Amino acid sequence: MAHTLHDKSPRHSGPFITLNCAAIPAELIESELFGHEKGAFTGAASRHLGKFEQADGGSLFLDEIGDMPALMQAKLLRVLEQKEVERIGGDRSIEVDVRVIVATHRNLEELVRKGEFRQDLYHRIFVFPVTLPPLRERSDDIPLLVDHFAARCRGTKRLEAPRDDRGCLHRAAALRLARQRAGTEKRRGATAAAGR
């Protein structure tokens, strides 16, 4: 979805840079986002451009922003407000023109209420929300996705086209959905029984 938003925008000719906030250790995320100068810390053998600088003129996709550490939330907010970054160990600010797209599997409103996510950052990033329901709630999309990924495989690996049996795909999707729903109902029943 983030790729599509970038590709269909006036920034499509600019870079599309991604960062999974949950996959980067808290002590490294600042360097990944904003970069660092040579010698800024032990192991900084050369200058490193952060994701914001790499995405200048394009889009930066921050996946799992709900897992971003609190200290980094404040620094990210400053960058979004001032449109400039400062590398770790740097002595000057660098202007950046970046569209930021964020995603999370967590409920940010709930995190704000609990004090685990900054309210001011939430309002800064929650400008044009797009909700993408889980695939189990849109099983009609499965054949389309199969076609899409099969075409990509054929394009890159020169594979023969798979046999197209939409009925089989729909049955498989319906069966998988039925199993998931049965599992959910079973867990609800077990939880209710344990609560009594």
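**Aromatic pairs and the largest pocket**

A search of the whole structure, a predicted model, finds 3 aromatic pairs. One of them joins Phe-16 and Phe-61, with ring centres 6.4 Å apart. Their planes meet at 20 degrees, so this pair is stacked. The contact links distant parts of the chain. Phe-16 belongs to strand S1 (residues 16-20), and Phe-61 to strand S4 (residues 59-63). The two residues are 45 residues apart. Phe-16 is buried, at 17% relative accessibility. Phe-61 is also buried, with a relative accessible area of 16%.

Tyr-122 and Phe-126 form another stacked pair. Here the distance is 4.9 Å centre to centre, with 20 degrees between the planes. Tyr-122 counts as buried, at 8% relative accessibility. Phe-126, in contrast, is partly exposed: its relative accessible area is 41%.

The largest pocket holds about 1,400 Å³ of space. Its lining comprises 37 residues. Nearest the pocket centre lie Ile-101, Val-102, Ala-103, Ile-125 and Phe-128. Several elements give two or more residues to this lining. They are helix H1 (2-7), strand S4, helix H4 (70-82), strand S7 (99-103), helix H5 (108-114) and helix H6 (119-125). S7 gives the most, with 5 residues. By class, the lining of the largest pocket has 23 nonpolar residues, 9 charged residues and 5 polar residues.

Strand S4 appears in both parts of this description. It holds Phe-61 of the stacked pair with Phe-16, and S4 also gives two or more residues to the lining of the largest pocket.

How values were computed: Residues numbered from 1 in each chain as written. Predicted model: local features only at pLDDT ≥ 70, side-chain atom pairs only at ≥ 80, totals over all residues. Heavy atoms only, no water. Phe/Tyr/Trp six-rings, centres within 6.5 Å; stacked < 30°, edge-to-face > 60°. Helix = DSSP H or I, 4+ residues; strand = E, 2+ residues; numbered from the N terminus. Buried < 20%, exposed > 50% of the residue type's maximum accessible area, 1.4 Å probe, protein only. 1 Å grid on protein atoms, 1.4 Å probe; cavity = no way out; pocket = protein on both sides within 12 Å on 5 of 7 lines; lining within 4 Å. Points joined across faces, edges and corners; volume = space filled by probe spheres on them. Nonpolar A, V, L, I, M, F, W, Y, C, P; charged D, E, K, R; others polar.
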